[in-house]
Amino acid sequence: MEQRTLGRDLVVSGMGLGCMGMSEFYGQTDEGQSIAVIHRAVELGVTFLDTADMYGPFTNEVLVGKAIRDRRDQVVLATKFGNQRRPDGSWIGINGRPEYVRQACDASLRRLGVDHIDLYYQHRVDPTVPIEETVGAMAGLVRAGKVRFLGLSEAAPETIRRAHSEHPITALQTEYSLWTRDVEKEILPTVRALGIGFVAYSPLGRGFLTGAFRSTAELEENDFRRLAPRFQADNLAINLELVERLAELARAKGVTPGQLALAWVMAQGDDVVPIPGTKRVARLEENAAAAVIVLSGDDLARLDAAVPPGAAAGARYPEWAMRAIDR
């Protein structure tokens with residue numbers, strides 16, 4: 001697995017592993033199987049692991065902590081705070097208050113069983129707290145040795161600039177894939193101008209771009225994708241056409257649709273690192289193999305024509321979740 005550098009100094013594997021679905025949101029979970037996936041990822045060189053305190057809630061950090069206990073020095077560990085939930089899973093809100101930043105970090109360190117976090121993100125921007133105050137508290141964690149590098153998630157350009165002026169931001173994590181290309185307009189130019197790396201979550205369109213399913217009926221009852229507009233009715237039919245186009249190009253290339261989608265994200269720049277998630281070793285191995293696929297200029301042009309910016313039908317989240325995105 002190639003290495004890429006986020007910001008000035010954080011070296012990570014060119015593809016990471018999103019661990020969220022191992023604990024919540026994508027149907028049934030299996031801790032033993034998930035730990036096996038993480039162990040296999042490390043063997044394959046996929047050593048950039050992504051979690052958050054809200055996943056589970058709280059249980060995903062515990063799971064990741066168990067998985068890396070005897071191999072902490074082999075991984076780059078990223079987690080997040082800011083989406084505040086109760087132990088029963090109910091929603092409290094977005095919290096960027098300095099005192100909460102410190103409390104959340106200490107709690108994450110305990111759950112992960114580590115003495116420091118490599119990359120600590122604000123998961124969502126709190127509109128009630130100046131970003132300088134939140135990032136100032138995060139910078140205090142760096143000075144205390146609890147965190148090495150700072151990140152933001154789903155932040156708008158002006159927020160990114162203000163945050164970076166307070167303390168260097170190493171990475172911005174935001175959704176990016178063939179069917180979610182909004183960041184190309186302002187976000188990517190902003191982070192590149194500032195020397196900030198970009199971490200692409202949901203690079204497979206929450207699994208949709210793999211062609212693995214064709215209707216929401218195939219999803220488990222507790223799978224949150226059932227609520228996503230892009231997976232609904234008329235939107236779904238339009239989006240399935242995009243997947244068919246992707247699948248046709250993948251067949252011609254001799255790879256799977258998911259591998260082609262991941263290779264496309266990785267081809268967007270050496271400062272872009274996708275973090276596809278999975279709960280299965282076989283899917284992990286398929287994803288990791290995408291890192292060696294070389295796309296020519298013609299390949300990229302054909303993909304742009306098949307799945308152009310804005311082609312996906314429907315919002316990427318339900319309305320209530322879209323309201324939490326900084327604009």
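A crossing of two helices is called right-handed if the near helix is turned clockwise from the far one by less than a right angle. That term comes up twice in this tour of a predicted model.

**Two helix pairs**

Let us start with helix H7 (residues 233-253), which passes H10 in a right-handed crossing. H7 and helix H10 (residues 297-306) pack at an angle of about 160°, and their axes lie 9 Å apart. Since angles over 145 degrees count as roughly antiparallel, H7 is therefore roughly antiparallel to H10. On the H7 side the contact is made by Leu242, Arg245, Leu246, Leu249 and Lys253, and on the H10 side by Asp299, Arg302, Leu303 and Ala306. Sorted by class, this contact holds 5 nonpolar and 4 charged residues, with no polar ones.

The other pair is H5 with helix H6 (residues 187-194). The axes of H5 and H6 come within 9 Å and cross at roughly 15°, which makes H5 roughly parallel to H6. This crossing, too, is right-handed. Here Pro157, Ile160, Arg161 and His164 of H5 meet Ile187, Thr190, Val191 and Leu194 of H6. By class, the contact of H5 with H6 has 5 nonpolar, 2 polar and 1 charged residues.

**Two residues of H7**

Which residues does Asn239 touch, beyond those up to four places away in sequence? Asn239 lies in helix H7, and its partners are Trp179, Phe208, Arg230, Ala311, Ala312 and Ala313. Its relative accessibility is 1%, so Asn239 counts as buried.

Lys253, also placed in helix H7, is partly exposed, with a relative accessible area of 32%. Setting aside neighbours within four places in sequence, Lys253 is in contact with Ile293, Val294, Leu295 and Asp299. Asp299 belongs to the H10 side of the helix contact described above. From Lys253 to Val12 the C-alpha distance is 28 Å, and 241 residues separate the two in sequence.

**Helices H8 and H4**

Helix H8 (residues 257-266) has 10 of its 10 residues buried, so H8 is largely enclosed by the rest of the structure. Among these buried residues are Pro257, Gln259, Trp264 and Met266. What surrounds H8? Its buried residues pack against strand S1 (3-6), strand S11 (197-201), H7, strand S12 (272-274), helix H9 (281-289) and H10. Both members of the H7 and H10 pair thus appear in the packing of H8.

Helix H4 (residues 131-143) has 13 residues and spans 18 Å from its first C-alpha to its last, close to the 18 Å expected at 1.5 Å a residue. The buried residues of H4 are Ile131, Thr134, Val135, Ala137, Met138, Ala139 and Leu141. An α-helix has 3.6 residues a turn, so residues three or four places apart point the same way. The cover over the buried residues of H4 includes strand S5 (76-81), helix H3 (98-112), strand S8 (117-122), strand S9 (147-153) and helix H5 (157-166). Just after H4, Gly145 takes a positive phi of about 80°.

**A buried loop residue**

Ile169 sits in the loop between H5 and strand S10 (171-175). Is Ile169 buried or exposed? With a relative accessible area of 3%, Ile169 is buried. Apart from neighbours within four places in sequence, Ile169 is in contact with Val135, Leu150, Gly151, Leu152, Ala163, His164 and Ile196. Among these partners, Val135 is one of the buried residues of H4, while His164 is one of the H5 residues that meet H6. The C-alpha atoms of Ile169 and Leu194 are 8.8 Å apart, with their positions 25 residues apart along the chain.

**Backbone features in loops**

The loops hold some backbone angles worth a look.

| Site | Backbone angle | Loop |
|---|---|---|
| Phe25 | phi near 85° | between strand S3 (17-18) and helix H1 (31-44) |
| Ser202 | phi about 50° | between S11 and H7 |
| Pro57, joined to Gly56 | omega about -5° | between strand S4 (48-50) and helix H2 (59-68) |

Phe25 has a positive phi and is a residue other than glycine, and Ser202 likewise has a positive phi although it is not a glycine. Ser202 counts as buried, at 14% relative accessibility. The bond that joins Gly56 and Pro57 is a cis peptide bond.

Technical notes
Residues are numbered from 1 along each chain as its sequence is written. This is a predicted model: local features need pLDDT of at least 70, side-chain atom pairs count only at pLDDT 80 or more; totals for chains, interfaces and linings use all residues. Side-chain values use heavy atoms; hydrogens and water are left out. Helices (H or I, at least four residues) and strands (E, at least two) are DSSP runs, numbered from the N terminus. The expected span of a helix is 1.5 Å times one less than its number of residues. Buried means under 20% relative accessible area, exposed over 50%, partly exposed in between (1.4 Å probe, protein chains only). Contact means heavy atoms within 4.5 Å. Axes are lines fitted to C-alpha atoms, for helices over the stretch in contact, and angles run from 0 to 180 degrees between N-to-C directions. Angles under 35 degrees count as roughly parallel, over 145 as roughly antiparallel, 65 to 115 as roughly perpendicular and the rest as oblique. Ala, Val, Leu, Ile, Met, Phe, Trp, Tyr, Cys and Pro count as nonpolar, Asp, Glu, Lys and Arg as charged, and the others, Gly among them, as polar.
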